[in-house]
Amino acid sequence: LSAPAPTGTYTLSLHAALPISLALTTPMSNPRFQPPRAAYIHVPFCRHRCGYCNFTVLAGRDDLTGAYLEALERELSWLNSPREVETLFIGGGTPTHLSGERLDQLLKIVLHWFPLTATGELTVEANPVDMTTERAEILQQHGVTRLSLGVQSFDDGKLQVLERDHRRADIEHAFQLARSVVSSVSLDLIFGVPGESIQTWQNDLESALALRPDHLSTYGLTFERGTQFWSRLNKGQLQRADEELEGTMYERAIDLLTEAGFNHYEVSNFARVDHRSVSDADRRCRHNEVYWTGRTYYAAGPGAARFVDGRREVNHRSTTTYLKRVLAGQSPVAESEVLDAESAARERLVFGMRRLQGVEKSRFASETGFSVETLCGNVMRQLIEQGAIIEEDNCLRLTRSGLLVSDAIWPKIL
């Protein structure tokens with residue numbers, strides 16, 4: 001996407017193909033029509049694919065890392081000029097699976113095309129077993145401000161069930177390395193794993209708190225179609241966690257983390273509060289808040305999804321297909337759609353409701369052109385009557401009971 005012309009018209013270019021002039025008819029106050037100030041880069045390489053993973057991942061093909069970096073640089077060159085961003089997120093896959101030389105090359109490429117503002121947030125996802133002194137120093141040299149460690153659990157037995165390649169000792173070593181080179185460290189944890197007890201989950205939470213991370217994300221295990229876990233579930237080799245037990249685990253996380261000084265700011269996310277300050281904003285994942293508030297963002301790499309000027313595009317999920325297309329000078333886009341105003345507003349409402357502060361109704365209406373009542377007034381009234389949502393001071397937000405059933409609420413709004 002080129003820079004906006006002075007007339008208020010954008011020129012959209014699908015990777016240097018078919019320039020199209022789009023006149024903006026929606027007010028520029030709508031976040032989905034503002035120029036992106038965020039970018040996501042997808043690195044598909046992993047040591048191996050875990051049984052529950054349905055992301056765009058390529059395991060055991062490190063021979064393609066050079067071609068990937070060449071393709072990524074070419075895809076980004078179709079921007080024509082660097083774009084300054086406030087948040088940059090490099091995820092995967094496992095970015096830190098790259099060798100030191102390749103990781104250095106990746107960061108140079110990405111930061112050339114997406115230079116950060118002086119106060120920008122640069123997040124890199126990392127696997128504990130990949131954290132070495134060399135990689136840590138490279139991350140520091142390139143100004144990485146935030147590391148997200150895919151810990152998932154501190155229990156070696158649970159890690160084995162999840163098919164993770166690290167153990168508790170690896171986590172503690174990786175955390176100390178991360179703490180020495182970046183200003184913010186986040187940990188991901190999974191609950192509801194087959195055979196897991198509430199005590200195992202509490203031990204995970206307490207072990208995480210003992211490290212004093214800046215941020216924690218907690219996710220219930222899901223069985224996604226097409227994964228090994230999905231196949232094993234259907235063959236009776238794995239069993240889902242009891243729904244009531246999973247709810248208890250989620251509530252235990254909320255209680256323990258908030259008591260320990262973390263602000264529960266989004267359904268799955270908690271940011272540590274510094275008692276010297278009333279704000280936890282610096283410890284939140286600012287990049288994810290771009291998604292949750294309906295703002296636009298660039299993206300590159302296999303399977304990466306971008307949202308620019310009201311259009312959502314998704315690159316091909318096959319890494320080899322992505323490489324062939326880009327290196328041949330062809331667009332890697334596999335899916336493209338322009339969200340109509342109502343669909344965009346409904347999606348914005350769902351993402352906004354995931355945040356614990358909820359949705360301020362008048363601001364929502366001014367930015368989307370739709371009132372909540374127009375979109376789903378009857379549904380909201382029912383959810384309020386059921387105690388899943390509360391309305392206070394012109395703001396709608398989830399209650400504790402609503403948090404427990406939030407996944408069932410979103411389809412009703414959409």
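This short presentation covers one kinked helix and one pocket in a predicted model.

Let me begin with helix H13, which comprises residues 372–385. A straight helix of 14 residues would span 20 Å, whereas the end C-alpha atoms of H13 are only 16 Å apart. Where is the kink in H13 centred? The centre is Asn 378, and the angle there is about 55°. Beyond the helix, I would draw your attention to Gly 387, which follows H13 and has a positive phi, near 85°.

I turn next to the burial of this helix. The buried residues of H13 are Val 372, Leu 375, Cys 376, Gly 377, Met 380 and Leu 383. As general background, an α-helix has 3.6 residues a turn, so residues three or four places apart point the same way. Which elements cover the buried residues of H13? The cover includes three helices, namely H11 (341–354), H12 (361–368) and H15 (406–413), together with strands S18 (389–392) and S19 (395–398).

My second topic is the second largest pocket, whose volume is about 310 Å³. Its lining consists of 17 residues, and those nearest the centre are Thr 293, Arg 348, Arg 355, Arg 363 and Glu 367. Two or more lining residues come from each of H11, strand S17 (359–360) and H12. Of the elements, H12 contributes the most, with three residues. How is the lining of this pocket divided by class? There are six charged, six polar and five nonpolar residues.

To connect the two topics, helices H11 and H12 are among the elements covering the buried residues of H13, and both also contribute to the lining of the second largest pocket.

Key. Residues are numbered from 1 along each chain as its sequence is written. This is a predicted model: local features need pLDDT of at least 70, side-chain atom pairs count only at pLDDT 80 or more; totals for chains, interfaces and linings use all residues. Side-chain values use heavy atoms; hydrogens and water are left out. Helices (H or I, at least four residues) and strands (E, at least two) are DSSP runs, numbered from the N terminus. The expected span of a helix is 1.5 Å times one less than its number of residues. The bend at a residue is the angle between axes fitted to the seven residues ending there and the seven starting there. Buried means under 20% relative accessible area, exposed over 50%, partly exposed in between (1.4 Å probe, protein chains only). Contact means heavy atoms within 4.5 Å. On a 1 Å grid over the protein atoms alone, a cavity is a set of points where a 1.4 Å probe fits but cannot get out, and a pocket is an open set with protein on both sides within 12 Å along at least five of seven lines; lining residues have an atom within 4 Å of a point. Grid points are joined across faces, edges and corners, and a volume is the space filled by probe spheres set on the points. Ala, Val, Leu, Ile, Met, Phe, Trp, Tyr, Cys and Pro count as nonpolar, Asp, Glu, Lys and Arg as charged, and the others, Gly among them, as polar.
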